[in-house]
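Me: I am new to this structure and would be grateful for a close look at a single part of it. Please describe how two packed helices meet and how their surroundings are arranged.

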Amino acid sequence: MSPQKKVAFYTLGCKLNFSETSTIARSFQDEGFSRVDFEEQADIYVINTCSVTDNADKRFKTIVKNALKKNDNAFLIAVGCYAQLKPEELAAVDGVDLVLGATEKFKVTDYINDLSKNDLGEVHSCEIEDADFYVGSYSIGDRTRAFLKVQDGCDYKCTYCTIPLARGISRSDTLENVLKNAKEISERGIKEIVLTGVNIGDYGKGEFGNKKHEHTFYELVQALDKVDGIHRLRISSIEPNLLKDETIEFVSTSNSFVPHFHIPLQSGSDTILKKMKRRYMSDLYVNRVARIKETMPNACIGVDVIVGFPGETDEIFLETYKFLSELDISYLHVFTYSERDNTEAADMDGVVPKNVRAKRSKMLRGLSVKKRRAFYESQLGSTHIVLFESENKDGYIHGFTENYVKVKTPWNPSLVNELHEVTLTEIDEDGSVRFDWLHQPTEKTVNLSELI
């Protein structure tokens, strides 16, 4: 009998990619493969790619080289968004054997009967119009939280974005299957589920392979709130025009949903929002933030913003900076605009020099640090429930409150994956928050093998 083959995975990009990597990994394990860490020697390395930023594209070659250092005869497979957009480019990277596009990635084990190295990577990539079916996914790599995919693809036509080209039309999992996956996750003892997708507020569309709306995102949220055993549900990212009052109201009184919203803005200038073909103006965004804070004053609100979009003059950038400064938000995810092939924005006038883009990005990252600190300071003296993570970082264990304040305390393995009520006391020099226990946790016997 031949020894068990080993497979390792590397994920670039978003939470959605992590949920899909986890599902692909389970398909290998179902076929008798043994999963190992990417830093270990393996027979097969699978790299789940991203194409949202230039950096993700460039990192791919480095990751391939690192894998081949572990085993120069390993079979290398590229899947994911970059693999769909530029399969020939990835196939030409030295050492890559197989490139699978949007519809093929979930059938990867069908393509690996022969693990012989190829001179040139073999490509199996569909026309993106064929990516019209749905494959449910969830990740269970981290014991404290799981990413649960509920939707895929996007029907929006934002002028800077390649996601519709990489993932196809908007389509959803059935409500029945989402609830089944959520139950499976809860039965594994995982305390928190993060809902993911490309455009999760669009949930319901394509649930039956067509555009018929049987369910809405609001109905999904209501149904998930009733699943036994889930302590926390978190909405990862939702478009401002799809975050309705009814959802905000429901989260404010929910059993499981936490007061944390991540809402893409992209620009505080209506001029740029129009050029981006976003589906809202800045006043709607202000309204959404105000509505959340009215119902949940302690809610954490994260914001995506893009700097350096074509036509963003100094005056327009300062308009965005002022808009964000005055908004009651908690942190920013700042993206520096990069030209992507086959997008409208790539051909627009008013190109912003790269050094100016970098300077603006640095300014907004600095604003994000101030916003996060102000939010953390507003929470000092208040009581929250913390879910502790599984990693020992320099002798400390970290965790997050329900409203996404990061806390720390000296490492104690018995706290891993536990929920504890604490009072926030002071901000540490590294930016995380110290606390007092409301009830001192009791020591318990820990099976260390569970923590690995």
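Reply: The following account concerns one pair of helices and a residue that belongs to their contact. The model is a predicted one.

Two packed helices are described by the angle between their axes and the distance between the axes. Here the pair consists of helix α7, which covers residues 217–224, and helix α8, which covers residues 245–253. Their axes lie 9 Å apart, and the packing angle is about 15 degrees. Because angles under 35 degrees count as roughly parallel, α7 is roughly parallel to α8. The crossing of the two helices, α7 and α8, is left-handed.

On the α7 side, the residues that take part are F217, Y218, V221 and Q222; they meet E246, T247 and F250 of α8. Sorted by class, this contact between α7 and α8 comprises four nonpolar residues, two polar ones and one charged one.

F217 deserves separate attention. Its contacts, when neighbours within four places in sequence are set aside, are L195, I200, G201, Y203, I235, I238 and T247. T247 is also among the α8 residues that meet α7.

In soluble globular proteins, nonpolar side chains tend to be buried together. In this model, the largest nonpolar core has 64 residues. F217 is one of the residues with the most contacts inside that core, and L224 is another; L148, L195, I292, L324 and L364 complete the group. A second core, separate from the largest one, has 23 residues, including A42, I47, C50 and I63.

Technical notes. Residues numbered from 1 in each chain as written. Predicted model: local features only at pLDDT ≥ 70, side-chain atom pairs only at ≥ 80, totals over all residues. Heavy atoms only, no water. Axes fitted to C-alpha atoms, helices over the stretch in contact; angles between N-to-C directions. Helix = DSSP H or I, 4+ residues; strand = E, 2+ residues; numbered from the N terminus. Parallel < 35°, antiparallel > 145°, perpendicular 65-115°, else oblique. Left-handed = near helix turned anticlockwise from the far one by under 90°. Contact = heavy atoms within 4.5 Å. Nonpolar A, V, L, I, M, F, W, Y, C, P; charged D, E, K, R; others polar. Core = buried A, V, L, I, M, F, W, Y, C linked by side-chain atoms within 4.5 Å. Buried < 20%, exposed > 50% of the residue type's maximum accessible area, 1.4 Å probe, protein only.
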